[in-house]
Amino acid sequence: GCAVLKLSDGRKRSMSLWVEFITASGYLSARKIRSRFQTLVAQACDKCAYRDSVKMIADTTEVKLRIRERYVVQITPSFKCSGVWPRSAAHWPIPHIPWPHPNLVIEVKTEGFDLLSKECVTMQGKQSAMEGDAWVMSFTEVESRLLYGGCRRRCLSLLKTLRDRHLELPGNPVTSYHIKTLLLYECEKHPRDSEWDEASLGDRINGILLQLIS
């Protein structure tokens with residue numbers, strides 16, 4: 001999902017160096033910050049000693065570098081939102097499901113989430129005044145924390161390998177994030193760590209693949 005950052009008048013005064021990134025409505029624009037960051041990275045690439053090996057990819061608003069014509073690295077500006085939890089995710093976790101444990105839920109919600117300055121797919125084409133200014137909510141660290149215990153992380157690694165070797169298809173219909181989301185659903189269906197030991201790993205992978213094709 002996406003979110004907007006609305007700054008109070010007091011906060012805006014204390015962020016005078018950020019005024020070029022604030023919209024007329026008082027929002028901190030992800031698009032403006034990303035554009036400025038892209039300019040700074042491009043200048044750094046032009047001036048660095050490795051400019052023949054490191055090139056900016058120009059056909060995107062994201063900050064992407066091509067290194068030695070072999071690797072692509074994406075750098076994304078972000079804010080860490082610790083100790084808060086978005087209202088759009090207030091329904092999580094689902095009541096009466098024993099996973100994750102209440103103590104882990106408290107730990108995860110205290111960890112918070114990240115706001116990323118990147119293209120927001122859900123806002124594209126909606127003719128919204130917020131299109132481009134909205135921030136993408138990321139729960140990557142939280143999701144990784146939820147996979148501690150048993151063979152959950154090993155299961156994810158195996159599934160990603162299967163995906164990379166056999167599901168790298170035109171249009172990228174199955175991403176690593178799809179795989180992780182299905183794994184989290186499987187954790188809800190099988191909440192006990194004993195269901196994620198090595199002997200059960202094959203059953204869990206089968207269950208996730210069945211979700212993928214259902």
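**Strands β1 and β9.** I began with β1 and strand β9 (residues 135-138) in this predicted model, and I found that the two pair in the antiparallel sense over two bridges. Looking for a particular pair of residues, I noted that A3 has W135 as its bridge partner in β9.

**The sheet around them.** I then followed the pairing outward and wrote down an open sheet of four strands, in the order β1-β9-β8-β7, with antiparallel pairing. The edges are held by β1 (2-3) and β7 (78-81), each of which has a single partner strand, so one side of each is left without a neighbour in the sheet.

**The hairpin of β5 and β6.** Next I looked up strand β5 (residues 63-67) and strand β6 (residues 71-75), which run antiparallel and are joined by five bridges. As an example of the pairing, I recorded that K64 has Q74 as its bridge partner in β6. Three residues lie between the strands of this hairpin, and R68 takes a positive phi near 50 degrees there.

**Residue S29.** Where does S29 sit? I located S29 in the loop between β3 (27-28) and α2 (30-47). Is S29 buried or exposed? Its relative accessible area is 0%, and because buried means under 20%, I entered S29 as buried. When I checked its surroundings, leaving out residues up to four places away in sequence, I found that S29 touches F21, T23, G132, D133 and W135. W135 was already in my notes as the bridge partner of A3. Finally, I noted that a polar atom of the side chain of S29 lies 3.3 Å from the backbone nitrogen of R31.

How values were computed. Residues numbered from 1 in each chain as written. Predicted model: local features only at pLDDT ≥ 70, side-chain atom pairs only at ≥ 80, totals over all residues. Heavy atoms only, no water. Buried < 20%, exposed > 50% of the residue type's maximum accessible area, 1.4 Å probe, protein only. Polar contact = N/O pair within 3.5 Å; in protein donor to acceptor, adjacent residues only side chain to side chain. Contact = heavy atoms within 4.5 Å. Pairing = 2+ DSSP bridges.
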